[in-house]
Amino acid sequence: MGFIFEGLEQEAYDRKYSERYLIARIIRYFRAEWPAMLLITAAVLIGSCMNALLPFFIAQGMNELVRSFAMNKMAMIVAIIILSGVIAWGCNFVSQWCTARVVGDVVLHVRQDILQAVLHHDMSFFTKYASGSIVSRVTSDTEDFATVVTLSMSLFGQLLYMLILIGILLAINVKLSLIVLATTPVIILIAVGFRRFARHVYQRVQRVQSQVNSNIQESVSGIAIAKNFRQEQTMYNEFHAINTQSFRVGIQQGVLFGSIFPTLLTVVGISTAALVYFGGWDVIVGALTIGYWLLFVQSVNFFWMPLTNVSSFWSQFQQGLAASERIFALIDVESTLTTTQDVLPIPDRLAGKVEFRDVQFHYNDEHTVLSQLHLTIRAGETVALVGHTGAGKSTLLKLIARFYAFQAGQLLIDDRDIRALDLHAYRRQLGIVTQVPFLFSGTVADNIRYIQAHASDDEVASVARQIGEGTWLDALPDGLATVVEEGGKNLALGQRQLIALSRVLLQDPAIILLDEATASVDPLTEAQIEEGLAFVLAGRTAIIIAHRLSTVRHADRILVLSQGQIVEEGTHAALIRRKGYYGDLYNAYFRHQASDYEPGHGFVPTTHDVQS
């Protein structure tokens, strides 16, 4: 059966917890719910007593009928039976209502804890692990966690009910009670045997569900690309393979869960047959009245129900424990971003000096991205980063943003080690604009004030009109009140860039990290963005991944990167005169953007050209 579970290995951050630890950790979430738990306990206790005594009252009525029919006694017994049933129903309602409330509160707190943990993980975590798998743990696994909580509450009532029934059975007939008690260990052993398989199966069920969620999320996100290249069938085939695997694992789960009840009921049937035989014989010889024999049989039937439920619930209980293990593993993941013990205070306004000292960084052990990097960016300086794909430009920005932890060296912000800075306070002074900005659902104004939630409408409008003189707002259907759909898909890329620049301008950061915002827009929007950049970059340190000739020309300094090293630096004019590595990049990426460009003319002769 190994092919069924192929590809369902656990994530690298998954851990193995003992059942005792998992249960103890789950119990911690109940500490704040002790008043409701006391009420549930009282309701379960009273309700269990009423349910357990119901057969006794019925037996008393049967004995009265056998001896002599007395209307007043029968009426009293009937009234007691009805009253006990009403009380039992009321207690069950209270316990179910309180249980639902407690379970809801506990699951609420668990989801808050897991989402808080997810939000505090560094970017390397989200790069390494599929978002669909993470979402599955926050949603599906917490639902299974709710199952274990509900079962825990139910098991308490079932066990209490069983203890009361055992006392009643022993009081009626010790010999028959011993037959019942002799069967109990057999049922428990069968349940424990199922338990060994249940947890492993449920873990695989949850893992394959994560894969299904990840595949669906990726398919929906990339549907436009799939349609563009007519790859719908390929996308469907990939989903079909994962879905088939989910089906096979689901069959394993169904067989496991579906076989426990028939097995337990077989044992119960054999035991009940023995009770009927021996109990009937006692009635014949006069050792037991027919009323008490009926009481015993009814009580045994009531006893078998919670016993088989408790035993079969144990397999479901393992599903909840498996989900709890995945949830706690995600909560317990340690971030690779560490802060030194002595956190340095950050001034209200950083100057913006950035310095790399012998910084070394790699995403994995096989490939070093930055090696012994030395770099100083002065406060207020605009630096453009150029280089071929994979040169380390984006990595450099990610390290400054503290999205990843470097392995060696120092990264200083205003001569303070970045690892000693309060991350939240530091990032409030960091403005980031990506090449394809992400917008949240809401209005344009909501997205602009995303980091300054208390900014007034006038402040938002003022900032927006500083970008391209606000003419871009006229192209929006409702101006700042225009509704933004998921990810901003109802807006053009240039409009999203202008909103992102307005957001950064409202934030008023000390350091700007910019992945060239004009790389994929039309000339008119490019002019509006460049005009907006003049406002955004004024008086701030700016590190820009450059794709446009206008950007590199206006930068205070250009850094040319190759294989994680700075191979050249200087102004555009100085680097052109040097006719080195930057000359190659200029010819490849920037020359065709020049106003005097003519095919085949005006290229910079480089050292490589001279040697060849």
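A salt bridge here is a side-chain nitrogen of Lys or Arg within 4 Å of a carboxyl oxygen of Asp or Glu. I wrote that down before opening the model, which is a predicted one.

**Entry 1: salt bridges**

I searched the whole structure and got 11 salt bridges. I picked a few to look at.

My starting pair was Glu569 and Arg557, whose side chains meet in a salt bridge at 2.7 Å, N to O. This pair links distant parts of the chain: Glu569 is in strand β12 (residues 565-570) and Arg557 is in strand β11 (residues 557-562), 12 residues apart. Is each partner buried or exposed? I found Arg557 at a relative accessible area of 10%, so Arg557 is buried. Glu569 has 36% relative accessibility, so I noted Glu569 as partly exposed.

I then asked which residues share a network of salt bridges with these two. The network links Arg378, Glu381, Arg557 and Glu569.

Next I looked up Arg449, which forms a salt bridge with Asp457; their closest N and O atoms are 2.6 Å apart. Buried means under 20% relative accessible area and exposed means over 50%. Arg449, at 13%, is therefore buried, and Asp457, at 55%, is therefore exposed.

Last on my list was Arg357 with Glu355, where the closest N and O atoms lie 3.0 Å apart. Glu355 is buried, because its relative accessible area is 13%. Arg357 reaches 37%, so I put Arg357 down as partly exposed.

**Entry 2: an open sheet**

In what order do the strands of the open sheet run? I read off β2-β1-β4-β5, 4 strands with antiparallel pairing. The edge strands are β2 (367-377) and β5 (416-417), and each of them pairs on one side only. As a reminder to myself, strands of a sheet pair through backbone hydrogen bonds, either parallel or antiparallel.

I zoomed in on one edge. Strand β4 (residues 408-413) is joined to β5 by 2 bridges, and the two run antiparallel. There I found Leu412 opposite Asp417 of β5. Helix α11 (residues 393-400) packs on the sheet and touches β1 (354-364), β2 and β4. The direction of α11 makes about 110 degrees with that of β1.

**Entry 3: a nonpolar patch**

Which residues make up the nonpolar patch on the surface? They are Leu45, Ile46, Leu83 and Ile87, and together they have about 330 Å² of accessible area. The elements giving two or more residues to the patch are α2 (34-67) and α3 (71-119).

I checked Ile87, which sits in helix α3. Its relative accessibility is 32%, so Ile87 counts as partly exposed.

Definitions and conventions: Residues are numbered from 1 along each chain as its sequence is written. This is a predicted model: local features need pLDDT of at least 70, side-chain atom pairs count only at pLDDT 80 or more; totals for chains, interfaces and linings use all residues. Side-chain values use heavy atoms; hydrogens and water are left out. Patches are made of residues with over 30% relative accessible area and no salt bridge: like charges are joined within 9 Å, nonpolar side chains (Val, Leu, Ile, Met, Phe, Trp, Tyr) within 5 Å. Accessible areas come from the Shrake-Rupley method with a 1.4 Å probe; for residues, only the protein chains shown count as cover. Buried means under 20% relative accessible area, exposed over 50%, partly exposed in between (1.4 Å probe, protein chains only). Two strands pair if DSSP finds at least two bridges between them. Contact means heavy atoms within 4.5 Å. Axes are lines fitted to C-alpha atoms, for helices over the stretch in contact, and angles run from 0 to 180 degrees between N-to-C directions.
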